[in-house]
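Ready to practise reading a protein model? Grab a pencil and work through these exercises one at a time, trying each before you look at its solution.

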Amino acid sequence: MAETPRPIDTALESGNISSDASSNRDEKQIDSVGVAVEVVETGAEEDVPPDGGLTAWLQVVGSHFLYFNTWGTINMFGVFQTYYEKELLRDMSPSAISWIGSLQSFLLLAVGVVSGPLYDAGHLRLLLCAGWALVPLGMMLISVCSAYWQVMLAQAVCVGVGTGCLYVPSVAVIPQYFARRRALAMGLVSSGSSLGGVVYALMFQGLLPRLGFAWAARVMGFTSFATIAVPVLVLRRRAPAPPGAAVRSLLDVQAFRERPYVIYCLGISLSYVAFFVPIFYLQGYALAHGLAGQTVALYLVAVLNAASVLGRLSPSLVANRIGPVQTLLVSVTMAGVTAFAWINTGTAGGNIAFAVFFGFFTGGIVALPAVVLTSFTPDLSRLGTRLGMSSMLNGVASLVGSPIAGAILNGTGSYLGIQLFAGFLFLATSIFLVTLRFVLTGKKLVAKA
């Protein structure tokens, strides 16, 4: 006969079952927490820039060619300035001609106010394709220009807007892939502007006597089309924008409440007022001071850009030790000293030496500002917008710098005024960078910043 379970046995058996169920629930909770921790840790690892790898270095290659076709076309404008003064636009004043290059550099930087938020919203491909269309088109249109307003529209506006679409992507992609090697990566990227300045300047001077102005401009257009195709193919955001992300406001108002950002913008904009003055007027000065009638004077812009390749790479080696702000401070200060030394230049050797030293020391002015801004930007998802805002200020600065220098030259008939103008502006930039350094580090005399 089967034994009837006693109430106490039933209770104990029921309690064991409850205890087992509770234990199973606890185990499941522990497992779920473990999975959650693992997911969080994995996500954190994915947020850390890889600092290398095939994809990361392809971004460097692609951004290098963006600089090749943005800053490279600006850095060789001195060649166009000389040609326009003597041939195509010889009835115009040097100051009026310099407005072409100034407007092009302004648009390169100012369009960043729009391209920055577009980049942050995930429209990298749109910006690259727009620049790929506009830069070669503008170069081709230069070949059929015969009047000042035509050159202004083709070279200043069309090429300028195209380069403006390409500039922010060229600097905003790199911080997503590099942290420890960021200065090195940006040095390699920005060396593209020097290489572009050398290649386009030599191309123009070499083809001009053989094929004429029209075909020299067309070959430059074909070259830009082929080289911009590289970043169109390889450039990728590492952290895609959220699906359906809206384009942010053109202004990050909070940035202007941060002292480091305000000091940074004021200092860098002053350097851009001065930066293009020697580049635009170097060859004209040399032809009047020691290199009259000598062909080498027409290649000084290429010499300056060749020296600037090293000037863009070497700061990356120093920046890892003393910090990007202090490295940029050294570059700007030495550029100012070199601008003052330009005053006493009156021989062939002196003009070549000035081109070499100025190109080398100003390399950091192009390579480091984005690295400096990244170093104290708390939210890199807003880096594109903040780069665009500072680029707008830099664009206004570059717009007025060379025409002011041209007006000084026209008014005085001497290059002394523009040499002093550039030198003092570089030194003023140094003062702002010293201030930025102490705002970031406090009163420490020795610190990495």
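Before starting, you need one cut-off: a residue is buried when its relative accessible area is under 20%, and exposed when that value is over 50%. Keep in mind too that this is a predicted model.

**Exercise 1. Get an overview: how many helices and strands does the protein have, and what share of its residues is buried?**

Solution. Start with the secondary structure: there are 18 helices and zero strands. Next, look at burial: of the 449 residues, 53% are buried. Finally, check the contacts between residues at least 6 apart in sequence: 85% of them join residues at least 24 apart.

**Exercise 2. Work out how helix 7 and helix 8 are oriented to each other.**

Solution. First find the two helices: helix 7 covers residues 124-142 and helix 8 covers residues 148-172. Their axes are 8 Å apart and make an angle of about 155 degrees. Now bring in the cut-off: angles over 145 degrees count as roughly antiparallel. Helix 7 and helix 8 are therefore roughly antiparallel to each other. As for handedness, their crossing is left-handed. Sort the residues of this contact by class and you get 18 nonpolar, five polar and no charged ones.

**Exercise 3. Find the partner of Glu-258 in a salt bridge, then decide whether each of the two residues is buried or exposed.**

Solution. Here's the idea to begin with: side chains of opposite charge can pair when their charged atoms come close. The partner is Arg-386, and the closest N and O atoms are 2.9 Å apart. A salt bridge needs such atoms within 4 Å, and the count for this model comes to one. Then place the pair: Glu-258 sits in the loop between helix 10 and helix 11, while Arg-386 belongs to helix 17, 128 residues apart. Last, apply the burial cut-off. Glu-258 has 19% relative accessibility, so it counts as buried. Arg-386 has 4%, so Arg-386 counts as buried too.

**Exercise 4. Compare Ser-269 and Thr-295: which is buried and which is exposed?**

Solution. Take Ser-269, in helix 11. Its relative accessible area is 14%, so Ser-269 is buried. Skipping neighbours within four places in sequence, Ser-269 is in contact with Leu-393, Asn-394 and Ala-397. Now turn to Thr-295, in the loop between helix 11 and helix 12. Its relative accessible area is 52%, so Thr-295 is exposed. One more distance to check: the C-alpha atoms of Thr-295 and Gln-205 are 10.0 Å apart, although 90 residues separate the two along the chain.

Terms used:
Residues are numbered from 1 along each chain as its sequence is written. This is a predicted model: local features need pLDDT of at least 70, side-chain atom pairs count only at pLDDT 80 or more; totals for chains, interfaces and linings use all residues. Side-chain values use heavy atoms; hydrogens and water are left out. Axes are lines fitted to C-alpha atoms, for helices over the stretch in contact, and angles run from 0 to 180 degrees between N-to-C directions. Helices (H or I, at least four residues) and strands (E, at least two) are DSSP runs, numbered from the N terminus. Angles under 35 degrees count as roughly parallel, over 145 as roughly antiparallel, 65 to 115 as roughly perpendicular and the rest as oblique. A crossing is left-handed if the near helix is turned anticlockwise from the far one by less than a right angle, and right-handed if clockwise. Ala, Val, Leu, Ile, Met, Phe, Trp, Tyr, Cys and Pro count as nonpolar, Asp, Glu, Lys and Arg as charged, and the others, Gly among them, as polar. A salt bridge is a side-chain nitrogen of Lys or Arg within 4 Å of a carboxyl oxygen of Asp or Glu. Buried means under 20% relative accessible area, exposed over 50%, partly exposed in between (1.4 Å probe, protein chains only). Contact means heavy atoms within 4.5 Å.
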